[in-house]
Amino acid sequence: MIERRAEGLVTDEDKRVTLARRVDEDQVCQAHYVDGDAVVGVGEYHVVHAPEKLVCLGLGSCVGIAIFDLSTQIGGLIHAMLPKYEEGRDKTNASKYADSAIMLMVDELVEMGARKPLLKAKIAGGAQMFSFISSDTLNIGLRNSAVAKETLKKENIPLLAEDVGGTKGRTIFFNSSDGSIRIQKNGEVSQI
Amino acid sequence: MTESREQNEMIMDGLREIGTIGAAHASTALSELVHKDIMIEVSDCFVCSTQELPTAFSTTEETVVAVFLEAIGKSRGGIMLVVSQKMAIELTDLVLGREYDENHCFDEMDADAICEIGNICASAYLNAVSRFTNITMMPSPPGVAVDMLRAILQFPAALVEADSDSSVVIKTMFKYGKNVGFGFMLYIPDRESQLVLIEKFGSM
């Protein structure tokens, strides 16, 4: 279903961040940084070695999915915009969809040396920004987090913690050395 | 909307024209509502691709107030009004007939009032679009969100992605009393309306 690209790994020694290659343009995404943490843009995922940290700024209906293996100290963060690759119109960028992005990133993590049976996951985001919308098709936040959980289950990756739903946007900081996620929501800070 | 440059220019002119007409109608309706003059002018208009939408604005960390409406009819789409929190309160002050209070926080009443403003702007704009495309569209009941601009923009971006690939960003200037403020209208046409718009303006 999805083209898996092991050659998509590019290690940038200066930045010590392995950047995910966007399938669409065959171009390495330029990571930008906030306080030394690499920012994962909308529809992207990044994989790193500890002690790197990754950030998703302003997750609204998007969902942030962190997958990590603490034993080998390798982890990654996805900033997925839409739920399913199969339902999407744009087939060129598989990292945009929750299900395909998880598969792609798991492959990359394993490629880097992470042990698949030891992978764990945490998810955050998937808010319903506009509270009036009642139809499920328009509740992209809910569908994003549901598909993310479903895909993790299919991949046999245990979901350790989640902070999804609600009506407020979140900014999340993923720490690859202990697998924790710090969440800023509505001016409050919490950790999962 | 990946047409030649020349054709693109024509489409942009057309969209700007629609924006201007919509803004004029919205000005009139809003001024009547508050019995004061509110001028709405289009200062800029551009088409933006889906993925760029959350990054097309420079101040994405700022907390903004957004009103989103779905266009319902023969053809669908989304329409959103985005203004800064300060400006939202200034506008709702006018609607609710309140004096400006620096310490006032955006509350339920403001949310309702800004929904109404969004509703008026969206209806006026959709009307203008309908007149050009001959596709009748009605706005759905509005929804409001107060959050980081970046987080808010993901919603229309995801909608756009599901059904179409570009959205029209109309930078609008609101002049009310001594105040001048900038806001954005986002119009996200579905594939069908997009094709109709291209056909109309591309061959004028």
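Here is an informal back-and-forth about a predicted two-chain model.

Reader: Before the details, what ground rules apply to this model?
Author: It's a predicted model, where local features need pLDDT of at least 70, side-chain atom pairs count only at pLDDT 80 or more, and totals for chains, interfaces and linings use all residues. Residues are numbered from 1 along each chain as its sequence is written, chains are lettered from A and ligands numbered from 1 in the order in which they are written, and side-chain values use heavy atoms, with hydrogens and water left out.

Reader: How many helices and strands does chain A have?
Author: Helices (H or I, at least four residues) and strands (E, at least two) are DSSP runs, numbered from the N terminus. On that count, chain A comes to two helices and 15 strands.

Reader: And what is the order of elements in chain B?
Author: Chain B has five helices and seven strands. Read from the N terminus on, they go α-β-β-β-α-α-β-β-α-β-β-α.

Reader: What share of the contacts in chain B with a separation of 6 or more comes from residues 24 or more positions apart?
Author: Contact here means heavy atoms within 4.5 Å. In chain A, residues 24 or more positions apart account for 62% of the contacts with a separation of 6 or more. For chain B, that share is 70%.

Reader: What percentage of the residues of chain B count as buried?
Author: Buried means under 20% relative accessible area, exposed over 50%, and partly exposed in between (1.4 Å probe, protein chains only). Chain A has 192 residues, and 55% of them are buried. For the 204 residues of chain B, the figure is 55%.

Reader: At what angle do H1(A) and H2(A) pack?
Author: Axes are lines fitted to C-alpha atoms, for helices over the stretch in contact, and angles run from 0 to 180 degrees between N-to-C directions. H2 of chain A covers residues 140-154, and its axis lies 8 Å from that of H1(A). The packing angle is about 35°.

Reader: Which residues of H2(A) make that contact?
Author: H1(A) brings A:Ala98, A:Asp99, A:Ile102 and A:Met103. The residues of the contact divide into six nonpolar, two polar and one charged (Ala, Val, Leu, Ile, Met, Phe, Trp, Tyr, Cys and Pro count as nonpolar, Asp, Glu, Lys and Arg as charged, and the others, Gly among them, as polar). From H2(A) come A:Asn144, A:Val147, A:Ala148, A:Thr151 and A:Leu152.

Reader: How many aromatic pairs does the structure hold?
Author: Rings of Phe, Tyr and Trp (its six-membered ring) pair if their centres lie within 6.5 Å; planes under 30 degrees apart count as stacked, over 60 as edge-to-face and the rest as tilted. Over all chains, the total is four.

Reader: How many residues apart in sequence are the parts that A:Tyr85 and A:Tyr97 tie together?
Author: These two rings meet edge-to-face, 5.7 Å centre to centre with 90° between the planes. Both tyrosines lie in the loop between strand E10 (74-80) and helix H1 (98-112) of chain A, so their pair ties together parts that sit 12 residues apart.

Reader: How many residues apart are B:Tyr125 and B:Tyr187?
Author: That pair is edge-to-face too, at 5.3 Å centre to centre and 65° between the planes. B:Tyr125 is buried at 3% relative accessibility, and B:Tyr187 is buried at 1%. B:Tyr125 sits in helix H3 (residues 108-133) and B:Tyr187 in strand E7 (residues 179-189), with a separation along the chain of 62 residues.

Reader: Over which ring does the charged end of B:Lys171 sit?
Author: A charge sits over a ring if NZ of Lys or CZ of Arg is within 6 Å of the ring centre and within 35 degrees of the ring normal. In chain A, the charged end of A:Arg182 is over A:Phe173, 4.4 Å from the ring centre. B:Lys171 has its charged end 4.9 Å from the ring centre of B:Phe182.

Reader: Where is the cis peptide bond from A:Ala50 to A:Pro51, by loop?
Author: Omega of that bond is near 5°. A:Pro51 lies in the loop between strand E7 (44-49) and strand E8 (53-59) of chain A.

Reader: Is B:Asn134 buried or exposed?
Author: B:Asn134 has a positive phi near 60° without being a glycine. The residue lies in the loop between H3 and strand E4 (137-139) of chain B. With 62% relative accessibility, B:Asn134 is exposed.
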